[in-house]
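Trainee: I should like to go through this entry with the criteria in hand. For each label, please state the rule and then the value.

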Amino acid sequence: MDKIVSLCRRRGFVFPSSEIYGGLGSTYDYGHYGVLAKNNIRSLWFQAMVQERDDMVALDSAIILNPRVWEASGHVSGFTDPLVDCRTCKLRFRADDLEHAQCGRKPSKHPGEHTECDLTEARQFNLMFQTHVGALEGEGSLAYLRPETAQGIFINFKNVLQIARRKPPFGIAQIGKSFRNEITPGNFLFRVREFEQMEMEFFVPPDEADHWYRYWIDERMSWYLRYGLRESRLRVREHGEEERSHYSRATSDIEYLYPIGWSELEGVANRGDYDLTQHTEHSGTKLEYVGEGGVRYTPWVIEPAVSIERILVALLVDAYDEEVVADRERTVLRLHPAIAPVKAAILPLIGKNDEMVARAKALQAELRKRHIVEYDDGGAIGRRYRRQDEIGTPFAFTIDEQTLEDDTVTVRDRDSLAQERLPLAGVPDWLGDALELPWKTPKGG
Ligand code: GAP
């Protein structure tokens, strides 16, 4: 994980937030390549969940909702972690995870194991960030930053049913920021206080719920495999009854083998009719499906939920590689081309040769109409290749002396390092085709 954090910092994927003021615990800002990679993850999720399907619509609900939403959902009373403070070292720990926490005293021990440790009783700590709406601060103005995007979907169920004229089974998909005042954030982007969730609520007839629950676990697993995560690093773990949330009839985590061990990448839950029933009771608006011939029922909900941050960390960890090529070490991100922030580099072999520069700039102008590409004429060609390897650029086109004679360029493959010559005029189509080809990581299963 340290290597990933350092690469992200060095190459401007991710910066600690508010750094010039000393930072703010576990919040991050995304630089150019981070933004590009996140955009790719977001749009590939949207493509699979909405664009390629007939049974899905999109939604973008507000971050600050009527606070009664969170009373109905159970978040005001139950979205808590048990917390203990140490009166000696002033650190705060999750009471249910002391075996993974470090006491502030040396030598390193778990909280409660040093003789000076003085832990308080556990108390429940609500993870929702509070704010106030309007000029007055008081009971009546209290509101919350949403801790999940899901509730924005449930409260719009009736709108979608009527206006989009949908009938179960159908889904509503949403991408947006969620906020949680995590007690023990950390492990880089894995557990942060502000993150971007991609959630989909799939409304189904109750007797089809189990079928769709299994269906969505399989769909989401195949999405990860499609974008290059190694199968040996992915697994599905079904929650035991004691582990499940209050709303859940069944939950499975798609886990990835992060450097911190097997951990939740995405959760797929069968939420039953909990949410629609709760909002019906609290709002007085009936959230049910009424069909032909007097059919009337509250749909059950299957929910795949994930954050872009957890996907990004998994993809970076999976892609990171170091190897020695011709006695020189290179760091390479073997990212799926669809995920790679930059799709191709355009490199004039000699940065001071006007003709090469002109050809390279013309190629860049052509390619950037369809793809994110990068022009680079700074330094030795080997160093330029390595700069692109480090950010995962799958292809590099080099304009050299031969280009000036016969209008061909060299294309270099990031993973195999193979080079071939192509007609300059054919590069846009070649790149378009190459980016569409199925891709498998050369790191193996
Ligand atoms: N609507 C259900 C829900 O929010 P969750 O398991 O609490 O369920 C869903 O969160 C997903 O959101 C997780 O699988 C994870 O991918 C992501 N997530 C949750 N908390 C996160 C955090 N603090 N930082 C980054 N991602 C987080």
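Mentor: We begin with a rule: a polar contact is a pair of N or O atoms within 3.5 Å; within protein, one must be able to donate a hydrogen and the other to accept it, and residues adjacent in sequence count only if both atoms are side-chain atoms. The model is predicted, so local features need pLDDT of at least 70 and side-chain atom pairs pLDDT 80 or more, whereas totals for chains, interfaces and linings use all residues. Residues are numbered from 1 along each chain as its sequence is written, and side-chain values use heavy atoms, without hydrogens or water.

Trainee: What makes the pair glutamate 148 and glutamine 151 a polar contact?

Mentor: The two side chains are joined at 2.8 Å, and that distance falls within the cut-off, so the pair is called a polar contact.

Trainee: Why is glutamate 148 called buried?

Mentor: Buried means under 20% relative accessible area, exposed over 50%, and partly exposed in between, with a 1.4 Å probe and protein chains only. Glutamate 148 has 6%, so the residue counts as buried. Its place is the loop between strand E8 (142-144) and helix H5 (150-154); helices are DSSP runs of H or I with at least four residues, strands are E runs with at least two, and both are numbered from the N terminus. In the chain, 51% of the 445 residues are buried, and the secondary structure comes to 13 helices and 23 strands.

Trainee: How do you know which residues are near the ligand, and which come nearest?

Mentor: A residue is near a molecule if one of its heavy atoms lies within 4 Å of it. There are 21 residues around the ligand, and Glu148, Arg180, Glu199, Glu264 and Leu265 come nearest. Strands E10 (194-204), E13 (261-272) and E16 (300-307) each supply at least two residues of this shell, and E13 gives the most, with 5.

Trainee: What makes a shell residue nonpolar, polar or charged, and how many of each are there?

Mentor: Ala, Val, Leu, Ile, Met, Phe, Trp, Tyr, Cys and Pro count as nonpolar, Asp, Glu, Lys and Arg as charged, and the others, Gly among them, as polar. By that rule the shell has 8 nonpolar, 3 polar and 10 charged residues.

Trainee: Which distances place protein atoms of glutamate 199, serine 307 and phenylalanine 190 beside a nitrogen atom of the ligand?

Mentor: For glutamate 199, a side-chain N or O atom is 2.4 Å from a ligand nitrogen. A polar side-chain atom of serine 307 lies at 2.8 Å from a ligand nitrogen, and for phenylalanine 190 a backbone N or O atom lies at 3.4 Å. The protein covers 90% of the 550 Å² of accessible area that the ligand has on its own, as computed by the Shrake-Rupley method with a 1.4 Å probe.

Trainee: What makes the site of the ligand a pocket?

Mentor: On a 1 Å grid over the protein atoms alone, a pocket is an open set of points with protein on both sides within 12 Å along at least five of seven lines, whereas in a cavity a 1.4 Å probe fits but cannot get out; lining residues have an atom within 4 Å of a point. A molecule sits in a pocket if more than half of its atoms lie within 2 Å of its grid points. The ligand sits in the largest pocket.

Trainee: Why is lysine 90 called exposed, and what is its phi?

Mentor: Its relative accessibility is 67%, so lysine 90 counts as exposed. Lysine 90 lies in the loop between strand E4 (80-85) and E5 and has a positive phi of about 65° although it is not a glycine. Most residues other than glycine have a negative phi, and most peptide bonds are trans.

Trainee: Where is leucine 417, and why is it classed as it is?

Mentor: Leucine 417 is in the loop between strand E22 (408-413) and E23. With a relative accessible area of 26%, leucine 417 is therefore partly exposed. Its phi is likewise positive, near 65°.

Trainee: Which peptide bonds are cis at proline 107 and proline 169?

Mentor: Lysine 106 and proline 107 are joined by a cis bond with omega about -5°, and the bond from proline 168 to proline 169 is cis with omega near 5°.
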